[in-house]
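Q: Could you take me on a close look at one part of this protein, namely how one of its helices packs against its neighbours? I'd like a connected picture that I can follow on the screen.

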Amino acid sequence: MKKCVSLIIVILMLSGCANMNEQGQGAGLGALLGAAVGAGVGAIAGGKEGALTGAIVGAGAGAIGGYLYGDHVANKKKQYAKDEDYLNACIASARQVNSQTRQYNASLKNQISYLNSEVNKMVAMYNSRKIRKADLQKEKNKVLAKHTEAQKTLQRAKDEVAIQREVMNREKGKSQAELAQLNNEVRSLEKSVAELEQQTETLASMNRRIPI
């Protein structure tokens with residue numbers, strides 16, 4: 001079943017990418033990779049049904065990632081008459097992603113605290129045979145789903161850092177005030193990324209603690 005799902009997705013994605021422009025191809029290829037990863041995670045979490053669901057969710061997440069590179073403001077310099085205007089647009093993008101990542105980190109911290117408490121309780125009940133394996137599997141699925149979501153958000157932030165670092169390298173020597181401001185925004189985003197990496201690893205560790 002898993003092989004069948006993956007094969008179907010590969011065929012659909014490749015056939016779709018053939019008629020896309022560069023931006024669409026980025027989304028299509030991202031969806032293809034996301035589907036493969038999602039199917040694997042879904043299979044672990046929920047067998048055949050989980051593989052199919054994971055593939056669909058993963059394809060959507062991958063498409064978002066692929067679209068990011070194709071449609072990012074960093075690739076639209078020709079639309080700006082001045083270097084300053086272009087760099088200010090890049091600054092705005094980095095600031096927005098940083099704000100979203102900080103908000104996600106704050107929310108995720110509370111969710112991890114709750115999940116950790118639930119996992120500890122469910123594992124104790126499972127070890128004392130008060131609940132079935134299927135009940136513990138449901139809790140594991142919740143952790144896996146949150147981990148997958150966190151990874152997607154983390155990758156989005158990392159992509160933004162990589163794109164903006166490339167902008168700064170490419171625009172070196174121009175509009176120093178704007179470049180300095182962009183550098184500050186990117187450094188702040190990198191701190192948010194580091195925090196999210198820690199939280200993502202916490203979720204992975206939590207998942208490993210569940211004995212199934």
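A: Happy to! Let's start with helix 4 (residues 133-170) and helix 5 (residues 176-209), which pack with their axes 9 Å apart and at an angle of about 160°. Angles over 145 degrees count as roughly antiparallel, so helix 4 is roughly antiparallel to helix 5. The crossing of helix 4 past helix 5 is left-handed. As for what the contact of helix 4 with helix 5 is made of, its residues split into 17 nonpolar, seven polar and eight charged. Please keep in mind as you look that this is a predicted model.

For a single residue on helix 5, try Asn183. Its relative accessible area is 18%. The cut-off for buried is under 20%, so Asn183 counts as buried. Leaving aside residues up to four places away in sequence, Asn183 touches Arg165 and Met168.

Now turn to the other partner, helix 3. The axes of helix 3 and helix 5 come within 8 Å and cross at roughly 20°. Angles under 35 degrees count as roughly parallel, and helix 3 and helix 5 are therefore roughly parallel to each other. Helix 3, too, passes helix 5 in a left-handed crossing. The contact of helix 3 with helix 5 has 17 nonpolar residues, along with 11 polar and eight charged ones.

These helices also come together in the largest nonpolar core, which has 35 residues. Within this core, the residues with the most contacts are Leu108, Val167, Leu182, Leu203 and Met206. Helix 3 (83-127), helix 4 and helix 5 are the elements that give two or more residues to the core, and helix 3 gives the most, with 14 residues. Leu108 is a good one to click on: not counting residues up to four places away in sequence, Leu108 touches Lys146, Ala150, Leu196, Gln199 and Leu203. One of those partners, Leu203, is also among the core residues with the most contacts.

Finally, let's zoom out to see where this part sits. The protein has five helices and zero strands, so to read along the chain from the N terminus is to meet α-α-α-α-α. Of the 212 residues in the protein, 41% are buried. Among contacts with a separation of 6 or more, 73% are between residues 24 or more positions apart.

How values were computed:
Residues are numbered from 1 along each chain as its sequence is written. This is a predicted model: local features need pLDDT of at least 70, side-chain atom pairs count only at pLDDT 80 or more; totals for chains, interfaces and linings use all residues. Side-chain values use heavy atoms; hydrogens and water are left out. Axes are lines fitted to C-alpha atoms, for helices over the stretch in contact, and angles run from 0 to 180 degrees between N-to-C directions. Helices (H or I, at least four residues) and strands (E, at least two) are DSSP runs, numbered from the N terminus. Angles under 35 degrees count as roughly parallel, over 145 as roughly antiparallel, 65 to 115 as roughly perpendicular and the rest as oblique. A crossing is left-handed if the near helix is turned anticlockwise from the far one by less than a right angle, and right-handed if clockwise. Ala, Val, Leu, Ile, Met, Phe, Trp, Tyr, Cys and Pro count as nonpolar, Asp, Glu, Lys and Arg as charged, and the others, Gly among them, as polar. Buried means under 20% relative accessible area, exposed over 50%, partly exposed in between (1.4 Å probe, protein chains only). Contact means heavy atoms within 4.5 Å. A nonpolar core is a set of buried Ala, Val, Leu, Ile, Met, Phe, Trp, Tyr and Cys residues joined through side-chain atoms within 4.5 Å.
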